[in-house]
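Me: I would like to work through this chain step by step, going from its overall layout to individual residues. Could you take my questions in turn and give the reasoning along with each result?

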Amino acid sequence: MFHRVRKPLVYLMSAVLASSLWFGTGAPEASAEEAKIPFTDVVENHWAKIPILKLYSAGVIGGYSDGTFRPNNMVSQQEAIVMVLRRMGHYDNTIPEKDNAVIQLEVDSFFKKFVIKAIEEEVINLGEEIEAAATGETPWGKRPATREWIAKLIVRSIGASEAAGTLPFTDAADISLSARGYVLQASQLGLVRGYTDNTFQPSRSVSRAELVTMLSRADDFYTENVERFAAGYITSKTASSIALQTDQGSQLSLALTGSTYIYDTNNDPVSLDELTVGMRARVVFNGGTAYFIETLGESAGYETFEGELKAVDVGL
């Protein structure tokens, strides 16, 4: 398992993005009803609906001012960095402004501190990116994020490194030498997949829907972002709340509302009645409210007993 130090998620918004991509938090403090607002262009059977809902609930991604998500829009490199950093737990209020810093990469002012943070976290390598920026006319930050570049970004963000071995894709020779080990690692971890013709298409641009799907697949590796994400076993449940014994050993009590999304790993909806004590689940939460619950198909085998506690022997 790979571990990195994470920081809390907080609200992020900027007037710079008001007419462009809105990265705003999907789940405001203590307002599950707002977190439930659907995107008008994400239909019920959209293939990326669940990752979109999950990361929207966590504030990793947002929508546009017209209520759309635009899942097929291509992601730029500077936008991808913001999304990845958010999934790591680095948000606006945790990242200091760097107005006077010089990074030798052309990015829009809003994204500057995020790119610097990505360099500090070793999510991107400044030398590599400066070399890449020297080719082509499109500013570095506005360049489309390619599949091989995203694979490298996500692998580094979970604290992993390059893998050694043979790539399973028929177009492996088209993958940049500097990205091959990362693509292999991402493939072995199940973060990226090939196409039906067994190609990887490394230079293909990544869409918003594709990026949130890749980030969602990395859930098990972002283990230290405990401010919005938790995994563990349900220890109690009522019609309006659940308690979770987290993998970090803490007890988490969360409110449930009619706006809480509940799905299984097959992306099928799960009713509240189907949540049972002992069931393993992953929860996205904020302000004491669960916004998204994913059941993980495992059970701790808990038994529930009722009665009066007479004494406790602490063994001291």
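Reply: The answers below concern a predicted model.

Me: How many helices and strands are there in the chain, and what pattern does the chain follow along the sequence?

Reply: The chain contains eight helices and six strands. Read along the sequence, these elements give the pattern α-α-α-α-α-α-α-α-β-β-β-β-β-β.

Me: What percentage of the residues count as buried?

Reply: A residue counts as buried when its relative accessible area is under 20%. Applied to the 316 residues of the chain, this cut-off gives a buried share of 52%.

Me: Which helix gives the most to the largest nonpolar core?

Reply: The largest nonpolar core has 70 residues, and the members that touch the most others in it are I81, I150 and I154. Among the elements that give two or more residues to this core are helix 3 (77–88), helix 6 (147–157) and strand 4 (261–264). With seven residues, the element that gives the most to this core is helix 3.

Me: Which residues does I154 touch, not counting residues up to four places away in sequence?

Reply: I154 is one of the three residues that touch the most other members of the largest nonpolar core. Once residues up to four places away in sequence are set aside, the residues touched by I154 are V84, L191, L211, M214, L215, A218 and Y222.

Me: How many residues are in the other core that lies apart from this one?

Reply: Among the members of this other core are A230, I234, I242 and A281. The core lies apart from the largest one, and its number of residues is 16.

Me: Does K152 count as buried or exposed?

Reply: K152 lies in helix 6, and, leaving aside neighbours within four places in sequence, K152 is in contact with E128, S178, A179 and Y182. Because its relative accessibility is 7%, and the cut-off for this class is under 20%, K152 counts as buried.

Me: Which residue in strand 3 is the bridge partner of A243?

Reply: Strand 2 (residues 241–246) and strand 3 run antiparallel and are joined by five bridges. The two strands form a hairpin with four residues between them, and G249 in the turn has a positive phi of about 95°. Within strand 3, the bridge partner of A243 is S253.

Me: Which residues make up the covered face of strand 3?

Reply: In a regular strand the side chains alternate between the two faces of the sheet. In strand 3 (residues 251–255), the uncovered face holds Q251, S253 and A255. The covered face of strand 3 is made up of L252 and L254.

Notes. Residues numbered from 1 in each chain as written. Predicted model: local features only at pLDDT ≥ 70, side-chain atom pairs only at ≥ 80, totals over all residues. Heavy atoms only, no water. Buried < 20%, exposed > 50% of the residue type's maximum accessible area, 1.4 Å probe, protein only. Pairing = 2+ DSSP bridges. Core = buried A, V, L, I, M, F, W, Y, C linked by side-chain atoms within 4.5 Å. Contact = heavy atoms within 4.5 Å.
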